[in-house]
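The following exercises ask the reader to work through metal coordination, a pocket and the packing of the interior. Each task is followed by a solution in steps.

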Amino acid sequence: MSPEHFAALWRSLLPIGRDGRDGGYLRRSWGPADLECREWFTEEALDRDLTLDPDGNGNLWAWWGDPTAGDAVVTGSHLDSVPHGGAYDGPLGVVSALLAIDLLRERGATPRRPIGITVFTEEEGARFGVACLGSRLLTGAIDPARARALTDRDGLTLADAMTKAGYDPADLGADPARLGRIGAFLELHIEQGRALVGTDAAVGVGSAIWPHGRWRMEFTGEANHAGTTRMADRRDPMLTFAYAVLAADEEARRLGAHATVGRVEATPNATNAIPSAVTAWLDARAGDASVLQEMVEALRRRAAERAAADGTGFAVRPESESPVVEFDSGLRDRIASRLGGAPILPTGAGHDAGVLASHVPTAMLFVRNPTGVSHAPAEYATDVDCWAGVTALADALEELAC
Ligand code: HGY
Ligand code: MN
Ligand code: MN
Ligand code: MN
């Protein structure tokens with residue numbers, strides 16, 4: 001097998017979910033493109049005589065060996081994207097898992113442990129707001145009733161979206177039996193950064209995931225006419241919001257953390273009306289949990305002070321928080337050594353592996369990303385590096401399961 005095998009399978013997935021603008025993707029969980037991706041995965045798994053075993057949370061599972069035997073080595077990632085996202089974040093891990101099984105079979109490997117491939121649903125949280133929703137449901141990290149009631153921007157609940165897609169939302173919930181059958185979990189992912197650029201390594205091994213979280217910020221004021229309301233008479237929440245964004249940026253730079261406000265909604269969202277409310281989401285991350293907390297607290301304090309001065313209201317609450325994840329050092333070092341001393345690197349991006357890591361020995365492999373760009377159409381990795389990722393994943397699976 002060769003990089004051409006990667007390119008061929010990659011091309012079969014690539015057209016699904018393109019949003020028609022400069023190569024971006026819109027693969028919303030439970031939406032049309034997601035259902036097409038699910039069909040694509042199901043066909044590829046059946047083509048390989050893998051045993052399909054979808055769970056009640058919308059995650060797909062395909063097995064080489066007996067899924068009930070236990071102590072399985074599972075690999076996988078996700079197929080959903082952020083709006084107008086890139087092609088590789090998630091799908092590279094799924095395509096590589098299918099090809100790693102092909103490569104192991106070409107090597108004549110005979111696994112002594114079941115090997116599973118999983119596709120987690122709603123990893124980006126781009127539709128229903130909670131990242132890694134599928135793996136959080138599997139592990140019991142989120143209450144299924146809360147998950148069922150999560151709504152998208154059109155007000156559709158997860159329960160409605162699942163029902164429309166032909167799934168039963170009553171099946172959502174922790175699946176300890178399935179989780180207990182996993183002996184190790186590996187996620188291969190495009191690197192969302194440039195740590196491997198300039199090295200001679202196409203593949204790195206994950207050491208940790210930064211602490212990170214999402215906070216919902218509510219700015220409230222007084223709706224009024226844009227033309228007739230004197231500036232001195234305004235209680236404009238957009239002003240307080242604008243100040244909060246700049247404060248988040250300043251605090252992140254001061255503390256060496258990362259702060260992003262990528263989503264904002266104004267009410268009534270009219271050009272000629274001072275808004276009554278502005279809702280915005282902060283994505284905050286830091287290499288150290290105390291730095292993350294210090295940044296969020298500093299922002300909370302500064303925004304509240306500014307709201308008092310503006311005569312507006314301000315509230316902020318966490319929507320999902322993820323503590324630091326240290327991957328299993330034994331697994332990490334064993335895989336890095338099998339790969340001939342692959343570089344070991346942390347990531348500032350969240351992953352389902354970060355959720356699984358609290359329950360099973362977990363490792364991540366990162367494939368070199370020449371620009372480091374992710375969550376954007378320019379996200380890219382070369383076929384040669386992607387093939388190196390497949391080979392590394394096959395080596396890791398062989399090391400652990402054969
Ligand atoms: O947002 C993240 O960190 C990941 O790409 N879902
Ligand atoms: Mn991802
Ligand atoms: Mn992502
Ligand atoms: Mn008017």
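**Exercise 1: The two manganese sites**

The protein donors of the manganese ion (ligand 3) are Asp89 (OD), Glu124 (OE), Glu124 (OE) and His375 (NE2), at 2.0 to 2.7 Å from the ion. This is a predicted model, in which local features need pLDDT of at least 70 and side-chain atom pairs count only at pLDDT 80 or more, while totals for chains, interfaces and linings use all residues. Residues are numbered from 1 along each chain as its sequence is written, chains are lettered from A and ligands numbered from 1 in the order in which they are written, and side-chain values use heavy atoms, with hydrogens and water left out.

Task: Establish which residue bridges the manganese ion (ligand 2) and the manganese ion (ligand 3), and where Glu124 and His375 lie in the chain.

Solution.

1. Donors are N, O and S atoms within 2.8 Å of the metal (3.2 Å for Na, K and Ca); water is not among the atoms, so sites may look incomplete.
2. For the manganese ion (ligand 3), the donor spacing along the chain is D-x34-E-x250-H.
3. Glu124 belongs to the loop between strand E4 (115-120) and helix H4 (133-139), and His375 to the loop between strand E15 (362-367) and helix H12 (383-401); the pair is 251 residues apart. Helices (H or I, at least four residues) and strands (E, at least two) are DSSP runs, numbered from the N terminus.
4. The manganese ion (ligand 2) is coordinated at 2.1 to 2.2 Å by His78 (NE2), Asp89 (OD) and His189 (NE2).
5. The bridging residue is Asp89, and the two ions lie 3.5 Å apart.

**Exercise 2: Accessibility of the donors**

Task: Decide whether His375 is buried, partly exposed or exposed, and do likewise for Glu124.

Solution.

1. Buried means under 20% relative accessible area, exposed over 50%, and partly exposed in between (1.4 Å probe, protein chains only).
2. Glu124 has 7% relative accessibility and therefore counts as buried.
3. His375, at 39%, counts as partly exposed.
4. Two further donors are buried: His78 has a relative accessible area of 0%, and Asp89 has a relative accessibility of 4%.

**Exercise 3: The largest pocket**

Task: State which residues lie nearest the centre of the largest pocket and how its lining divides by class.

Solution.

1. On a 1 Å grid over the protein atoms alone, a pocket is an open set of points where a 1.4 Å probe fits, with protein on both sides within 12 Å along at least five of seven lines; lining residues have an atom within 4 Å of a point.
2. The lining comprises 42 residues, and those nearest the centre are Val82, Arg214, Asp283, Arg285 and His375.
3. Strands E7 (212-220), E9 (258-267), E11 (277-285), E12 (313-322) and E14 (344-347) each give two or more residues to this lining.
4. By class, 13 lining residues are nonpolar, 19 polar and 10 charged. Ala, Val, Leu, Ile, Met, Phe, Trp, Tyr, Cys and Pro count as nonpolar, Asp, Glu, Lys and Arg as charged, and the others, Gly among them, as polar.

**Exercise 4: Contacts of a buried serine**

Task: Locate Ser320 and identify which residues it is in contact with, leaving aside neighbours within four places in sequence.

Solution.

1. Ser320 is found in strand E12.
2. Its relative accessible area is 8%, so Ser320 is buried.
3. With those neighbours left aside, Ser320 is in contact (heavy atoms within 4.5 Å) with Arg136, Gly213 and Arg214.
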